[in-house]
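Reader: I should be grateful for a close look at one part of this model, taken residue by residue and then set within the chain as a whole. Please begin with a single serine and work outwards from there.

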Amino acid sequence: MDNNFDQWGNNNQNQGQDNYQGPMPEAIFINGTLNRGALKEDSRAAFGLKYGTALGATVIPGLITSGLACIPIVGPLISFFVSPVFQVGGVRVNNRVAAKDPAASLDGPNGLFSIFGRFWETFASIFVTQLFIFLWSLLLVVPGIIKSYSWFLVPYILADNPNMSGEDARDLSAQMMYGHRLELFVLQLSFLGWAILGLLTLGLLDLFYIGPWLSVTISDYYLNLKQLENIDPRNYGSMGGNNYYGGNGPDWNSNHNGGYGPDMNGNNYGGYNSNANGNNYGGNGSNPNGNNYGGNTSDWNGNNNGSNGSSWN
């Protein structure tokens, strides 16, 4: 695994998103409903603290890809491949700006170019997602719109966990956006007045203020939605079958699914944590093949199933 992503995914004690400095989710989501005013106020404050960084994360990818597209013959093709990766890189930076992370920067291990260590995987995840949305749109416009909002958070999830597969990112995005699709649409629509004002300034206001602020606002929305749903994408998904599937954190159902490094193939499944039903399932490194199943903990029915490394066989 690339060292940059290992630091992002596993050694994150000092990362801005883990020390979120904005309002608690209860202030942004009141009884599960978005408080747009509070969110926009919080994102504006975060945007003001790191204006240059947010501006760069929003503008630089577009400048680079537009410049590449001007190269004769090969330029448009290069721009086509680079754009989705830059999109995720920009989101990665703006997520940290939204988290009011003082270390948020355009360079470094979590900067604009850090995603390029997973270039083809990231490109494929975004490209396939957009392709699926296009195919859904061919059926009818409305299904395409619904899918676009169901999978809206895919770049944000990949920014959190570049090692996650596109399929897992789409599944998790759909789970997170369930019941929030219209909410996000209305949030974007609330910037319409600003967009009209931007037109009156020949796009300058949009370029230097509205666009970066909107980008940080969506990142702020994503961070608060993660907390509301009690989800950490870094602890979700197969990621090749050898990494964290719920380890030391909640799964996508907000339950502790496994612990200390379980994967979808059953390695260390259940150690020290609860299963998807909220019960202690296994212990100290159990797996579904019977090794260390139930040690010092209860099984999925709430009963003590063996101890100190017993198996279900």
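Author: The serine in question is S219, which belongs to helix α12, a helix that spans residues 204-229. The model is a predicted one, and every value below is computed from it.

S219 counts as buried because its relative accessible area is 1%, whereas the cut-off for burial is under 20%. Its side chain is engaged in a polar contact with the side chain of N95, at 2.8 Å. When neighbours within four places in sequence are set aside, the residues in contact with S219 are V91, N94, N95, A98 and Y156. N95 therefore appears both as the polar partner of S219 and among its contacts.

Helix α12 also takes part in a salt bridge. The side chains of D160 and K226 meet with an N to O distance of 2.8 Å. This pair joins distant parts of the chain, since D160 is in helix α8 (residues 154-160) and K226 is in helix α12, 66 residues apart. Both of these charged residues are buried.

The structure holds four salt bridges, and two further ones may be described here. In one of them, the side chains of D101 and R96 come together at 2.9 Å, N to O, and both residues are buried. In the other, E121 pairs with R118, and the closest N and O atoms are 3.7 Å apart. The two partners fall into separate accessibility classes: E121 is partly exposed because its relative accessible area is 39%, while R118 is buried because its value is 19%, which lies under the 20% cut-off.

From the charged pairs one may turn to the nonpolar interior. The largest nonpolar core has 49 residues, and those with the most contacts inside it are L153, I157, M176, L187 and Y221. At least two residues of this core come from each of α3 (36-49), α4, α5, α6, α8, α9 (166-177), α10 (181-189) and α12. Helices α8 and α12, which carry D160 and K226 respectively, are thus both among the contributors to the core. For I157, the residues touched, not counting those up to four places away in sequence, are M164, A169, L172, S173, M176, Y222 and P233. One of these, M176, is itself listed among the core residues with the most contacts. In soluble globular proteins, nonpolar side chains tend to be buried together.

Not every nonpolar side chain in this model lies in the interior. A nonpolar surface patch of about 1100 Å² is formed by L77, F80, F127, L131, F132, F134, L135, W136, L138, L139 and L140. The elements that give two or more residues to this patch are α5 (75-98) and α6 (119-139). Helix α6 gives the most, with eight residues. W136, a member of the patch, lies in α6 and is classed as partly exposed because its relative accessibility is 35%. Helices α5 and α6 hence serve on two sides of the description, as they supply residues to the surface patch and also to the largest core.

Two loop residues deserve attention for their backbone geometry. Most residues other than glycine have a negative phi. I73, although not a glycine, has a positive phi of about 70°. I73 is in the loop between α4 (51-69) and α5, and it is exposed because its relative accessible area is 82%. L202 is likewise not a glycine, and its phi is positive at about 60°. L202 lies in the loop between α11 (192-200) and α12, and with a relative accessible area of 81% it too counts as exposed.

It remains to place these details in the chain as a whole. The chain has twelve helices and two strands, and from the N terminus on the elements run α-α-β-β-α-α-α-α-α-α-α-α-α-α. Of its 313 residues, 47% count as buried, S219 being one of the buried residues. Among contacts with a separation of 6 or more, 50% are between residues 24 or more positions apart. The accessible surface of the chain comes to about 14600 Å², and 57% of it belongs to carbon and sulfur atoms.

Definitions and conventions
Residues are numbered from 1 along each chain as its sequence is written. This is a predicted model: local features need pLDDT of at least 70, side-chain atom pairs count only at pLDDT 80 or more; totals for chains, interfaces and linings use all residues. Side-chain values use heavy atoms; hydrogens and water are left out. Helices (H or I, at least four residues) and strands (E, at least two) are DSSP runs, numbered from the N terminus. Buried means under 20% relative accessible area, exposed over 50%, partly exposed in between (1.4 Å probe, protein chains only). A polar contact is a pair of N or O atoms within 3.5 Å; within protein, one must be able to donate a hydrogen and the other to accept it, and residues adjacent in sequence count only if both atoms are side-chain atoms. Contact means heavy atoms within 4.5 Å. Patches are made of residues with over 30% relative accessible area and no salt bridge: like charges are joined within 9 Å, nonpolar side chains (Val, Leu, Ile, Met, Phe, Trp, Tyr) within 5 Å. Accessible areas come from the Shrake-Rupley method with a 1.4 Å probe; for residues, only the protein chains shown count as cover. A nonpolar core is a set of buried Ala, Val, Leu, Ile, Met, Phe, Trp, Tyr and Cys residues joined through side-chain atoms within 4.5 Å.
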